[in-house]
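Work through these exercises with the sequence and the coordinates open. Try each task before reading its solution.

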Amino acid sequence: MTMYETVHVSVDAMIEDLRRLVEIESPSRDLDALRVSANAVAAVIESRLGGQAILVESDAGPHVHWSAGGDPAVLILGHHDTVFPLGTLERRPFMVEDGQATGPGVFDMLGGLVQGIHGLATLDDRSGVEILVTADEEVGSRSSRALIEERALACGAVLVLEGAADGGALKTGRKGCGTFQVSIAGRASHAGLEPAAGVNALIEAAHHVLDIAALGRPDMGTTVTPTVASAGTLDNVVPAQATVIVDVRVESAAEKERIESAFAALAPHLDGAEIAVQGAVSRPPMPESASAELFAVAKRLLPGLEGKAVGGGSDGNFTAALGVPTLDGLGAVGGGAHADHEYLVIEAMAERANLVAGLVKAIQNA
């Protein structure tokens, strides 16, 4: 596949910048590490695009915002936090070998950031372009959501530099996703002498695990998956406390409302048990209609390009829910997000950088 009006980008220079970012570890919630990372991201942006990248302080770490000036027209969206704890780099250093780059965060999503920046650098006219690189995407974007939504509405179009779907496909739709925690209070008693005097929070939790799992409707794209459970203190004590954590994914606003209502309506099965529920479907679904216009442009730029709806969420969910045209998965081609085998395909870097540049140019000229 070839894209018309391609402009030369240096893969060696992209790898140089990628190495720089990967070798600064940036686990979510580590404010000191995220500050170093934010400064490095800002320095890469300024060195390749000029201007000034502003650090936007937050309780989750600094976000990085850059504007080329002019009337806002397109927001390039990414994040610089990763899921990997400090020390991962020592065990899994940045490497380039056999056509792949590896190391913590190369695919999710430092490679996409570098490609996007270098793609923009090929444009003579960058007016109306903004870049926002947040510090808390991997932990729910609670501190950055308002800023993301503000800039998306101001710009009117969003290109998300998350890693591509399988085979290099763009992400044209995403499920809404959220986490719920069900906390159960029972009453402790001696498991041998007075088991009936207690209220067994573990048994109560078992009832709810089955009830909650039954809420899923895979035929409608809704998955409800209990993922973590804990209960009890000692082997001879009726458990007084239990907790169940649940991952939820939905494709529609109606299913979001149904699931949230179902969790709110959970009631005890055992006399004396108490239930408390926290959580929500915090990232709304990203319907494929939100990406249709931009994806059509992308396919004209890169014939044969495919699009896929995926189960994972991103900050593109927020912008799409506002009605802002949003195209996701424009970042690295590779795989293994959040895993030790994470990798980026070097051969695809220039093509993806040019794709971002082509989309920006098309939006500017629309």
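The exercises below concern a predicted model.

**Exercise 1. The open sheet**

Task: Give the strand order of the open sheet of four strands, and find its edge strands.

Solution:
- Step 1. Read the order: S4-S5-S16-S15. The pairing is antiparallel.
- Step 2. Look for strands that pair on one side only. These are S4 (95-97) and S15 (334-335), the edge strands.
- Step 3. Inspect one edge. S15 pairs with S16 (residues 343-345) over two bridges, in the antiparallel sense.
- Step 4. Place the residues. Gly335 stands opposite Tyr343 in S16.

**Exercise 2. The surroundings of Thr82**

Task: Locate Thr82, decide whether Thr82 is buried or exposed, and list its contacts beyond its neighbours within four places in sequence.

Solution:
- Step 1. Locate the residue. Thr82 lies in the loop between strand S3 (74-79) and helix H3 (88-91).
- Step 2. Check accessibility. The relative value for Thr82 is 4%. Buried means under 20%, so Thr82 counts as buried.
- Step 3. Follow the side chain. It reaches the backbone nitrogen of Phe84 at 3.4 Å.
- Step 4. Leave aside neighbours within four places in sequence. Thr82 is then in contact with Ser26, Pro27, Ser28, Gly105, Asp108 and Glu138.
- Step 5. Move on to Phe84. Arg92 lies over the face of Phe84, at 4.8 Å from the ring centre.

**Exercise 3. The aromatic pair**

Task: Find the one aromatic pair in the structure, classify its geometry, and state which parts of the chain the pair ties together.

Solution:
- Step 1. Name the partners. They are Phe180 and Phe263.
- Step 2. Read the geometry. The centres are 4.0 Å apart, with 10° between the planes. Planes under 30 degrees apart count as stacked, and this pair is stacked.
- Step 3. Assign the elements. Phe180 lies in strand S9 (residues 176-185) and Phe263 in helix H7 (residues 253-264), so the pair ties together parts that are 83 residues apart in sequence.
- Step 4. Check burial. Phe180 counts as buried at 2% relative accessibility. Phe263 is buried too, with a relative accessible area of 1%.

**Exercise 4. Cysteines**

Task: How many disulfides does a search of the whole structure find, and are Cys155 and Cys177 buried or exposed?

Solution:
- Step 1. Recall the bond. A disulfide is a covalent bond between the sulfur atoms of two cysteines.
- Step 2. Search the whole structure. The result is zero disulfides.
- Step 3. Check accessibility. Cys155 counts as buried at 7%. Cys177 counts as buried at 10%.

Notes. Residues numbered from 1 in each chain as written. Predicted model: local features only at pLDDT ≥ 70, side-chain atom pairs only at ≥ 80, totals over all residues. Heavy atoms only, no water. Pairing = 2+ DSSP bridges. Buried < 20%, exposed > 50% of the residue type's maximum accessible area, 1.4 Å probe, protein only. Polar contact = N/O pair within 3.5 Å; in protein donor to acceptor, adjacent residues only side chain to side chain. Contact = heavy atoms within 4.5 Å. Phe/Tyr/Trp six-rings, centres within 6.5 Å; stacked < 30°, edge-to-face > 60°. Lys NZ or Arg CZ within 6 Å of the ring centre and 35° of its normal. Disulfide = S-S within 2.5 Å.
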